[in-house]
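User: I should like to learn how burial and helix packing are read from a model. Please take one helix as the example and work outward from there.
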Amino acid sequence: MGKEIARLFTLAMVSALVAVAAGGGGPSRVSTANEAFNVLPLISDWVFVSAEGNPPSQAACAAVARRCFNPSAMANSYDYAVLHAAGNNGQGKTIAVVDSFGATTIRQDLGIFNTAFGLPHLCGETGPSDPSANCASSVSPRFDIVCVQGCPAPKPPPLNNGTGLEYHNLWDLEVALDVEWAHATAPLANIILVTTPTAEVLGVQGFQQMMNAESALIDNGSVDVISQSFGSGEGAFNSGLAALKQLRTTFEKAHANKVTVLASSGDGGTINSMKVPVKDPRDIPYPSVSWPASDPLVTTVGGTYLCTNAVTGATIDSVSPPTSCQGANAGDREPGWVVSGGGYSIYFDRPAYQNVLPPGSSYVGSSAGAPGKNSNMRGIPDVAYQASARTGVLVYLSEPDFKGGETGCGGANPCSTGWYVVGGTSSSAPQWAGLVAMADQIAGHNLGFINPALYRLANNIATYKADFYDVTRGNNGYSASIGWDAVTGLGTPDAAKLIPDLIAEVRPTD
């Protein structure tokens, strides 16, 4: 009981510290209020499949030209089912997922998701099997929500008002995806949903709130892994590297405290947008990447189509929808996703861990027409995972039916309660976070910054072949290749082989 009370007290203090930092009082903070960029969720595609309580069948998914993955099939596809079976479920570790606005229904949505797939229930969720009575146990994994400046209701503005960024519905789906799939991957890890009240410049900067929240969790020892499914094009930062150097002090703190930080690479291929014009922002006029994905202290996750059998996850399926798994890609378990974010930073130099890459790698280091040094720059992504909604994961979401326009939810989308098949590199990052939580648990200590170890493993022919699927097909503006490429990085993991090798390879100096 004492440990649980202490944990709740710590989280309460984290909420208070974050609120003070974001509100402008108390600890000093970086002022980025004049920056012009959007903080966007990196969900790019979703389809509503079923309003039933039970998950939709593969036939229902095929009817909308998709294949839908459940937790069991995903665990087999990436070879971590064997880790679960051996009792390695991330127990004792905590994953923080950071999202604007949060979602008022996430506690019951997580309960329904867990019941549907037979996953462990977390203290703090609600739903068909409410485990709240067990929350006094010091060994029960928890789901907690830390709000920055309160938890605003997801009510959209009138249809003819605002920029569209205030619509909370897409963030609601992002929250459901992040929480449900971080949990599905590491079923006994604690999950903290960290929410912030703005996603763009509305007097208080969204990015600064997110970094304040992450920093407070790190300071209090409340987190082991952080998943970030958001981003903004580097070229949209008016103050350039100066602004990022101030924001990224959070990642420096994570590095020093052995906290692993992951980010989605983005869902626009090589295209990102500026902030202005606000309602229809123009594209950055050169191949670009987003931040925080571009940060050298972040492990950045790109995307693939997952062409394994969506029922079993055990074999390649080149017959079922979508067409991306058929034809020229027949026989390929994971082609690169056509809009997987990738390319080269305009602000960060090539980090030392990328100086040596596997043979055949297609690293360029510059972006055609980009400003600045534009030579030998940081390349992203580092690794990859399933991302396309055409081979997407199943997510349960219940949306409040806010009226205010010709349709429910004030015209916002998504707007239905039930099962969605969801895509985006937002799906990739929280699942990699689950893998890292399992690795931390198996190791008995936090691995922390894993990029140097990942690249060392990839530069060993034997471990690269065993631990990664090297994606060699696909084009997002760059072409996938043997070794590292700007579509899928080093490739996707075979978790049962990668995790023990990663544990052995991480060094105190990383």
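User: Is helix α11 largely enclosed or open with respect to the rest of the structure?

Analyst: One begins with the burial of each residue, where buried means under 20% relative accessible area. In this predicted model, 7 of the 8 residues of α11 are buried, so the helix is largely enclosed by the rest of the structure. The buried residues are Asn451, Pro452, Ala453, Leu454, Tyr455, Leu457 and Ala458. As background, buried residues make up 60% of the 510 residues in the chain, which has 13 helices and 18 strands.

User: Which residues does Tyr455 touch, leaving aside those up to four places away in sequence?

Analyst: Contacts place a residue among its neighbours in space. Tyr455 lies in helix α11 and, at 1% relative accessibility, counts as buried. Tyr455 touches Tyr353, Gln354, Leu357, Arg378, Pro381, Asp382, Trp484 and Leu490. Of these partners, Gln354 is 101 residues from Tyr455 in sequence, yet the two C-alpha atoms are 7.0 Å apart. For the chain, 80% of the contacts with a separation of 6 or more are accounted for by residues 24 or more positions apart.

User: At what angle do α11 and α13 pack, and how far apart are their axes?

Analyst: A helix pair is described by the angle and the distance between the axes. For α11 and α13, the angle is about 115 degrees and the axes are 9 Å apart. The range of 65 to 115 degrees counts as roughly perpendicular, and the two helices are therefore roughly perpendicular to each other. The crossing of α11 past α13 is right-handed. On the α11 side the contact is made by Ala453, Leu454, Arg456 and Leu457, and on the α13 side by Leu498, Asp501, Leu502 and Glu505. These residues divide into 5 nonpolar, no polar and 3 charged.

User: Which residues of helix α13 are buried, and how are they arranged when seen down its axis?

Analyst: Here the list of buried residues is read together with their directions around the helix axis. Helix α13 spans residues 495-505, and its buried residues are Ala495, Leu498, Ile499, Leu502 and Glu505. Seen down the axis, they fall within an arc of 135 degrees, so they line one face of α13.

User: What covers the buried residues of α13?

Analyst: The cover is found by listing the elements in contact with those residues. It includes the helices α4 (81-85), α10 (425-443), α11 (451-458) and α12 (461-467), together with the strands β17 (468-469) and β18 (492-493). Helix α11, with which the discussion began, is thus part of the cover of α13.

Technical notes:
Residues numbered from 1 in each chain as written. Predicted model: local features only at pLDDT ≥ 70, side-chain atom pairs only at ≥ 80, totals over all residues. Heavy atoms only, no water. Buried < 20%, exposed > 50% of the residue type's maximum accessible area, 1.4 Å probe, protein only. Helix = DSSP H or I, 4+ residues; strand = E, 2+ residues; numbered from the N terminus. Arc of directions from axis to C-beta. Contact = heavy atoms within 4.5 Å. Axes fitted to C-alpha atoms, helices over the stretch in contact; angles between N-to-C directions. Parallel < 35°, antiparallel > 145°, perpendicular 65-115°, else oblique. Left-handed = near helix turned anticlockwise from the far one by under 90°. Nonpolar A, V, L, I, M, F, W, Y, C, P; charged D, E, K, R; others polar.
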